Amino acid sequence: MDSLAGLLDGPRARGAFLLRSILEPPWSMRIQDEAPLTLVACVRGAACVVPAGGEVSRLGPGDIAILRGPGHYLVADDPATEPQVVIHPGQRCTTLDGEDLRELMSRGVRSWGNRPDGSTVLLTGTYQLEGEISRRLLAALPGLLVVAGESWDNPLVGYLAEEIVKDEPGQEAVLDRLLDLLLIAVLRNWFARPEADVPGWYRAHGDPIVGPALRLLQNNPAHPWTVASLATATGVSRAALARRFTALVGEPPMAFLTEWRLALAADLLREPGATVGAVARQVGYGSSFALSTAFKRVRGITPREHRALV
């Protein structure tokens, strides 16, 4: 499991809503959908992203912005342009007075805008990442980050722009994968920068000893791991593994495994039809009682109480 891809593909992660916007100035959108994670890619023209109380970030062709919710923000041709459109939760689009604009501004397959030949084209992917696993990714990101197109050579924006307007069998799956690839590529680019506040778990994945150990734990949490068996699998001594793992990840291997198992369990418990016993087996606990005891000890509530919070 990749350190980023695994966080996008957790049990509670959901496919993104993807849209192409075709716009002619003056235009301005107030985004208050409160989505956990949004990607905005500029294909042509220019745009400004203005977080509430934050500085203006300008996008040109090839530039990509990543925004972490649930804060509201503006996307506009110019910060001074008054909003004409409001994007609500569920991607409902209205005027400031609440009039529905879905039909009025439709421009074909996965496309909308104020002009069919607008000079600005944006691609927006909105993720509804609901789970405990994806929370690790969100916690590692700033409210807004921008990667300039000129800073890297990546064909995915152009490819996504070509594919988004197609209406063919399996197209939603193709677009989901492309968007995930683009998001992962952007985040890798960002985390490689000196100014990025890189989380320990991400840095640790690149370590020749701790990286393989992390992947073993994350890919097979149900295995009865011990520090000794993990050390054998990675080809080092128990002491060396424990010392290096704790230094890079910030907690010992078994503590990390417990938290990972319980995060997976928290997401799986909210799946329709899931039982405590079945989830316990999936994440490495021998019985529903064992999972319930660990869940209560670490999270303060029982698995059933956690599921009732949905």
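1. In which helix is Asp 180 found? Asp 180 belongs to helix H4, which covers residues 171–191. The model discussed here is a predicted one, and the points below should be read with that in mind.

2. Asp 180 deserves a look for its charge. The residue is buried but has no salt bridge. Arg 177 is the nearest side chain of opposite charge, at 5.4 Å; a salt bridge is counted only within 4 Å. The side chain of Asp 180 does make a polar contact, at 2.5 Å, with the side chain of Tyr 127.

3. On the overall model: the protein has 310 residues, and 49% of them count as buried. Its secondary structure consists of 12 helices and 12 strands. The C-alpha trace spans about 65 × 40 × 40 Å along the principal axes.

4. The largest pocket holds about 470 Å³ of space. Its lining is made up of 26 residues, and those nearest the centre are Phe 17, Leu 19, Ile 87, Gln 91 and Trp 112. Strands E1 (17–23), E2 (28–31), E3 (37–44), E7 (73–76), E9 (92–94), E10 (111–113) and E11 (120–127) are the elements that each give two or more residues to this lining. By residue class, the lining has 13 nonpolar, 8 polar and 5 charged members.

5. The salt bridges number 7. One of them joins the side chains of Arg 115 and Asp 117, with an N to O distance of 3.1 Å. Arg 115 is partly exposed, at a relative accessible area of 38%.

6. Another salt bridge pairs the side chains of Glu 163 and Lys 166, at 3.0 Å from N to O. Its two partners fall into separate exposure classes: Glu 163 is buried, with a relative accessible area of 8%, whereas Lys 166 is partly exposed, at 31%.

7. Glu 259 and Arg 299 also meet through their side chains in a salt bridge, 3.6 Å from N to O. Glu 259 lies in helix H9 (residues 253–268) and Arg 299 in helix H11 (residues 288–299), so this pair ties together parts that are 40 residues apart in sequence. Both ends are partly exposed: the relative accessible area is 28% for Glu 259 and 26% for Arg 299. The pair also belongs to a network, in which salt bridges with shared partners join Glu 132, Arg 135, Glu 259 and Arg 299.

Key
Residues numbered from 1 in each chain as written. Predicted model: local features only at pLDDT ≥ 70, side-chain atom pairs only at ≥ 80, totals over all residues. Heavy atoms only, no water. 1 Å grid on protein atoms, 1.4 Å probe; cavity = no way out; pocket = protein on both sides within 12 Å on 5 of 7 lines; lining within 4 Å. Points joined across faces, edges and corners; volume = space filled by probe spheres on them. Helix = DSSP H or I, 4+ residues; strand = E, 2+ residues; numbered from the N terminus. Nonpolar A, V, L, I, M, F, W, Y, C, P; charged D, E, K, R; others polar. Buried < 20%, exposed > 50% of the residue type's maximum accessible area, 1.4 Å probe, protein only. Lys, Arg positive; Asp, Glu negative; His and termini not counted. Polar contact = N/O pair within 3.5 Å; in protein donor to acceptor, adjacent residues only side chain to side chain.
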